[in-house]
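Hi everyone, thanks for coming. Could we have the sequence and the structure up on the screen, please?

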Amino acid sequence: MNNRYLAFLLILAISSVFTKETHAEDQLLSILKNELQRETEQLKANGESVPYFISYRVDDLLEASATASFGSLQLKTQGTRNISFTPMVRIGSYQMDSYRSGNAFHIFLPLPLEDIEGDATRMVLWRGTHLMWNTNIQNWTQVKSKAQISIANEDKSDDFSKENPVKYVEKELSEKQLRFDTARWEQRIKEYTAIFKEYPEIRTGEARFKFENLRKYFISSEGSEIAQNLRYARLIIQAEVVADDGMKLPLYLSYFAYTPEGITDHKTILKETRELAKKLVKLRTAPSADSYSGPAILSPEASGVFFHEIFGHRIEGQRLKNENDGQTFKKKIGELVLPADVSVIMDPTISSFKGQELNGSYLYDDEGVKAQKVDVVTNGVLKGFLMSRTPVDGFPVSNGHGRAAPGATPVTRQSNLIVSTSAPKTSEELRTLLKEEAKKQGKEYGYYFVKVSGGVTQTGRFNPNAFNIIPLEVYRIYVDGRPDELVRGVNLIGTPLSMFSQISEVGDTPGIFTGICGAESGSVPVTAISPELFVRVIETQKAAKSNEKNPILARPNSTQPKETK
């Protein structure tokens, strides 16, 4: 599929202590190494369709969660553990192998939760390896046959890059590091959602908290041995109203840190939750927007999603090898693709930005390659692509962006996207430019996009190479000085090259969008950092609405808010 989406992970939660047996030496890593060596030697001895590369990925996930709604706890887990095994077996050579067919087989096998050094673990590793080997024998036959009868691909690069093996093993997290205050967070999310009871217009209102501890293993027949720890604490508060015409109108708040203690302080979240509730009440009766073409400002958050969807997916190198992809930027290296004062980097090696911890950070990717900073655009000029171990012409090696969810084959994916400018404008300067441009175009107003829920983009050749970003909070900024007006029902649409040509100025204060990106290799955590953008011409269309009517019966146990202004 050519649809990509960026959306928040909306299943969030909580727990007190994650319990996990630890050892001075990582037993699972030892078993993975021993079994990989045994399987490799036996397959080589077989003499038929000998693999040139085998890798084992294991994701050992400890997580806990809780959900509250309208002041009451609805769901919680006391700590769950899942250990998943994802093998890769490549037959052929680095130049041409069994994965060229495009029919790569993915498997996702659970490993035992107890007695992990026992025979049950080895049985899963053995079964997974042979499933992949059997499937890739068939793939390899298809690849060789197709190569004899098909027109040669335009891209002449190898199928898999040669990389130096690495060894990096972090210590397993201790029980103390996995502990946090369950009761405290359960009480917090109940307090956040109790606010929604004061607003009878609000149909749904939830707070979801989740704490994850992920230990990732990667070993390969090339000699790589990697074990790294990743931690995530997420809180999302979301609520929804329904307008009289049936349009559903959600808003959310999102908080991210590596530990629960790093989440924004309780009083601030309470304040922001009440502001969200008041805004929803206003949004319900806001005018519905018509289709529009004209100037707009995108808030830092909206700009981050804009760059992720419209630009980021089109500089993921692996898709540039696919001849069914639009390959928007493949032949634009060295050309001006953005304003000359704008630069874009992708950097998974940084863990925070101005004190905010980042979701798209890691030390090694899911192909065993060290994470690297990539200067994608410098002073408006395209310099390079994000690369996995699938090369493209001119880019023969990985820069540490091969990523995947458990069970999927890694492909090139984004990490921490950071947009900057050498000629920043203040928010007031951007508003002045917006009004001036609206006057030139004969418009009564321009748009200001404040909050978005994510977006979708298509990069293939057989459908329009377009994007659709879904705004939640949008204002009209009037040329004649009238107060800004909240509107609803706006979708931001367009095509990438046209949209980029309309970017005029960039703000001076970056904002952070933390999310989960879904594409060919599953869902991976990402971050987008960008200042405001002033765009001379954007296009919007009316958002879809449902036929659902508001309930005739009043919501039970509703209390009137103390104030709604």
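I'll talk about a helix pair, then a buried aspartate, and then two loop residues with an unusual backbone angle. Please keep in mind that this is a predicted model.

Let's begin with the helices. Two packed helices are described by the angle between their axes and the distance between the axes. Here the pair is helix 3, residues 182-194, and helix 4, residues 266-284. Their axes come within 9 Å and cross at roughly 25 degrees. Angles under 35 degrees count as roughly parallel, so that is what we call helix 3 and helix 4. As for handedness, the crossing of these two helices is right-handed.

Which residues meet there? From helix 3 we have R188, E191 and Y192, and across from them in helix 4 are H266, I269, L270 and T273. Sorted by class, that contact between helix 3 and helix 4 has three nonpolar, two polar and two charged residues.

Now to the aspartate, D26. You'll find D26 in the loop between strand 1 (3-7) and helix 1 (27-46). Is D26 buried or exposed? Its relative accessible area is 9%, and under 20% counts as buried, so D26 is buried.

What is D26 in contact with, if we leave aside its neighbours within four places in sequence? The answer is E172, R215 and Y217. With R215, the D26 side chain makes a side-chain polar contact of 2.8 Å. With Y217, the polar contact is again between side chains, at 2.7 Å. If you'd like to look at V169 while you're there, D26 and V169 are 143 residues apart in sequence, yet their C-alpha atoms are 9.1 Å apart in space.

Last stop, the backbone. Most residues other than glycine have a negative phi. D115 has a positive phi, near 50 degrees, and is not a glycine. D115 is in the loop between strand 5 (109-110) and helix 2 (119-149). With a relative accessible area of 52%, D115 is exposed.

N379 also has a positive phi near 50 degrees, in a residue other than glycine. Look for N379 in the loop that runs between strand 14 (374-378) and strand 15 (381-382). The relative accessibility of N379 is 43%, which counts as partly exposed.

That's my tour, and I'm happy to go back to any of these spots on the screen.

Definitions and conventions: Residues are numbered from 1 along each chain as its sequence is written. This is a predicted model: local features need pLDDT of at least 70, side-chain atom pairs count only at pLDDT 80 or more; totals for chains, interfaces and linings use all residues. Side-chain values use heavy atoms; hydrogens and water are left out. Axes are lines fitted to C-alpha atoms, for helices over the stretch in contact, and angles run from 0 to 180 degrees between N-to-C directions. Helices (H or I, at least four residues) and strands (E, at least two) are DSSP runs, numbered from the N terminus. Angles under 35 degrees count as roughly parallel, over 145 as roughly antiparallel, 65 to 115 as roughly perpendicular and the rest as oblique. A crossing is left-handed if the near helix is turned anticlockwise from the far one by less than a right angle, and right-handed if clockwise. Contact means heavy atoms within 4.5 Å. Ala, Val, Leu, Ile, Met, Phe, Trp, Tyr, Cys and Pro count as nonpolar, Asp, Glu, Lys and Arg as charged, and the others, Gly among them, as polar. Buried means under 20% relative accessible area, exposed over 50%, partly exposed in between (1.4 Å probe, protein chains only). A polar contact is a pair of N or O atoms within 3.5 Å; within protein, one must be able to donate a hydrogen and the other to accept it, and residues adjacent in sequence count only if both atoms are side-chain atoms.
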